[in-house]
Amino acid sequence: MQFVHDRLSQRAVFATGGAADAVAEEVRRLGASRVMAIASVRGRAEPVLAGVPVAIWHTDVVMHVPVDVAGRARAVAADHGIDALVCVGGGSTTGLAKAVALTTGLPIVAVPTTYAGSEATDVWGLTEGGRKTTGVDPRVLPRTIVYDAALMLGLPVPTSVASGLNALAHCVDAMWGPRADPIDRTLALEGIRALTSGLPRVVDDPTGLEGREQTLYGAYLAAVAFASAGSGLHHKIAHVLGGMFDLAHAETHAVVLPHVLALNAPAVPDLDRRMAGAFGADSALGGLLDLEARLGAPTSLRSLGMPESGLATAVQPILDASPPNNPAPVTSPVIEALLRAAWDGKEPA
Ligand code: NAD
């Protein structure tokens, strides 16, 4: 057995119904007295920061963190002598806190309100002129995550479904990402189990805590596994499409994932069998398709607004980004066929 598993150093506090106390405690542990509160919707975040010394609120949050948005947030942090960042929101909000931490080294306490998982990775992303650049830097890894399933109760069902499938995509890519190891796979499989159990309950009972808790737990495992395994083919495709055509991030994952699973699973029968077990199905693809149908997930790139002309232009950037260790060969005809099926909303073979 030969592998290197690099574990990220971070506290994760699960505190259903207790975010305010947990965040106040985490800020105290950091010794911070001038906090920059980052949130897209201040009203949603205010109760969470009730016990925190907030020096300034910052609500200028934009998906995929355009560089000018990052620049403004960094200037606000500098102007107010900030000593810690607390972000309350989805991946876009966490992404902005990371952009500030990247240049300032300020510690982050992250309170996620979607299942995107950015809070558990050391990956940052910035966009400029329609191109998204990502990188890895230990400074952007939040010191602490506070997970409170009660904060998810207002997340609309379609957003919850898409975001939960974004988390599921982290699990699937963690099975064969460039650095995937046995520990990542174990976490990813438990993530698949938790998401497969939690998401249908969220759909059936969006204001119930149990489904929300399971889904949040699964999303955390997914992100930890993904951060260690690295981006596989699925994430490369989703990032190219999202960046080129400004598609909704989580929904793009939901549409593309079955097509990548259909491509890769036959090349790795052992991993297919283990994922099938986690889905409680005969095959990983069967399990995913049943789950997506049950959840009413989006199925076509066309419905997300991708132009048909983009099918041709996206192929080369995907080939350029494709990881060399992908289980199935990745060629131009393979990607063309995959994109066409995903655009049409055809069930993958
Ligand atoms: P998002 O943060 O933009 O949130 C989606 C929508 O949900 C927004 O309108 C937001 O206001 C709303 N929302 C969030 N929480 C809510 C709640 N509790 N109740 C009601 N509405 C709520 O989207 P996202 O999918 O969470 O994040 C996408 C971004 O995160 C992308 O830029 C993506 O690249 C990035 N991301 C980064 C990583 C990483 O490791 N760096 C991982 C995953 C995603």
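Buried here means under 20% relative accessible area, exposed means over 50%, and partly exposed covers what falls in between. Arginine 139, at 41%, is therefore partly exposed. Keep that scale in mind for the rest of this tour, and remember that the model is a predicted one.

**Salt bridges**

Let's start with charges. Side chains of opposite charge can pair when their charged atoms come close. In this model the count comes to 15 salt bridges. Arginine 139 takes part in one of them, meeting the side chain of aspartate 137 at 3.1 Å, N to O. Its partner sits on the other side of the cut-off: aspartate 137 has 15% relative accessibility, so aspartate 137 counts as buried.

Another pair sits within a helix. Arginine 72 and aspartate 68 meet in a salt bridge at 3.7 Å, N to O. Both belong to helix 3 and are 4 residues apart, about one turn of the helix. An α-helix has 3.6 residues a turn, so residues three or four places apart point the same way. As for cover, arginine 72 is partly exposed at 41%, and aspartate 68 is partly exposed too, at 45%.

Then there is a pair that reaches across the chain. Arginine 302 bridges to aspartate 344, with the closest N and O atoms 3.8 Å apart. This one links distant parts of the chain, 42 residues apart: arginine 302 is in the loop between helix 11 (284–295) and helix 12 (310–313), while aspartate 344 is in helix 14 (residues 332–344). Arginine 302 has a relative accessible area of 47%, which makes it partly exposed. Aspartate 344 is partly exposed as well, with 26%. The two don't act as a lone couple, either: a network of salt bridges links Arg302, Glu308, Arg340, Asp344 and Lys346.

Here are the three pairs side by side.

| Pair | N to O distance |
|---|---|
| Aspartate 137 and arginine 139 | 3.1 Å |
| Arginine 72 and aspartate 68 | 3.7 Å |
| Arginine 302 and aspartate 344 | 3.8 Å |

**Backbone oddities**

On to the torsions. Most residues other than glycine have a negative phi, and most peptide bonds are trans. Valine 65 is not a glycine, yet its phi is positive, at about 45°. You'll find valine 65 in the loop between strand 3 (54–58) and helix 3 (67–79). Its relative accessible area is 4%, so valine 65 is buried.

Aspartate 246 also has a positive phi without being a glycine, with a value near 55°. Aspartate 246 lies in the loop between helix 8 (233–245) and helix 9 (249–264). With a relative accessible area of 63%, aspartate 246 is exposed.

The loop between strand 3 and helix 3 also holds valine 62. Valine 62 counts as partly exposed because its relative accessibility is 36%. Its C-alpha is 9.3 Å from that of glycine 95, which is 33 residues away along the chain.

**Space inside**

Rolling a probe the size of a water molecule over the atoms shows where empty space is left. How many cavities of 30 Å³ or more does a search of the whole structure find? The search finds 1. The largest cavity holds about 40 Å³ of space. Its lining is made by Ser40, Val41, Arg44, Ala45, Val88, Gly89 and Thr113. Helix 2 (42–45) and strand 4 (84–89) are the elements that give two or more residues to that lining.

**Helices and surface**

Helix 5 (residues 157–174) has 18 residues and spans 26 Å from first C-alpha to last, close to the 26 Å expected at 1.5 Å a residue. Helix 5 is mostly covered, with 15 of its 18 residues buried.

Helix 7 (residues 209–229) includes alanine 229. Is alanine 229 buried or exposed? At 0% relative accessibility, alanine 229 counts as buried. Its C-alpha and that of proline 329 are 19 Å apart, with the two positions 100 residues apart along the chain.

Finally, the outside. Met1, Phe3 and Ile183 make a nonpolar surface patch of about 360 Å². Methionine 1 comes from the segment before strand 1 (11–14). Its relative accessible area is 89%, so methionine 1 is exposed.

Key
Residues are numbered from 1 along each chain as its sequence is written. This is a predicted model: local features need pLDDT of at least 70, side-chain atom pairs count only at pLDDT 80 or more; totals for chains, interfaces and linings use all residues. Side-chain values use heavy atoms; hydrogens and water are left out. The expected span of a helix is 1.5 Å times one less than its number of residues. Buried means under 20% relative accessible area, exposed over 50%, partly exposed in between (1.4 Å probe, protein chains only). Patches are made of residues with over 30% relative accessible area and no salt bridge: like charges are joined within 9 Å, nonpolar side chains (Val, Leu, Ile, Met, Phe, Trp, Tyr) within 5 Å. Accessible areas come from the Shrake-Rupley method with a 1.4 Å probe; for residues, only the protein chains shown count as cover. A salt bridge is a side-chain nitrogen of Lys or Arg within 4 Å of a carboxyl oxygen of Asp or Glu. On a 1 Å grid over the protein atoms alone, a cavity is a set of points where a 1.4 Å probe fits but cannot get out, and a pocket is an open set with protein on both sides within 12 Å along at least five of seven lines; lining residues have an atom within 4 Å of a point. Grid points are joined across faces, edges and corners, and a volume is the space filled by probe spheres set on the points.
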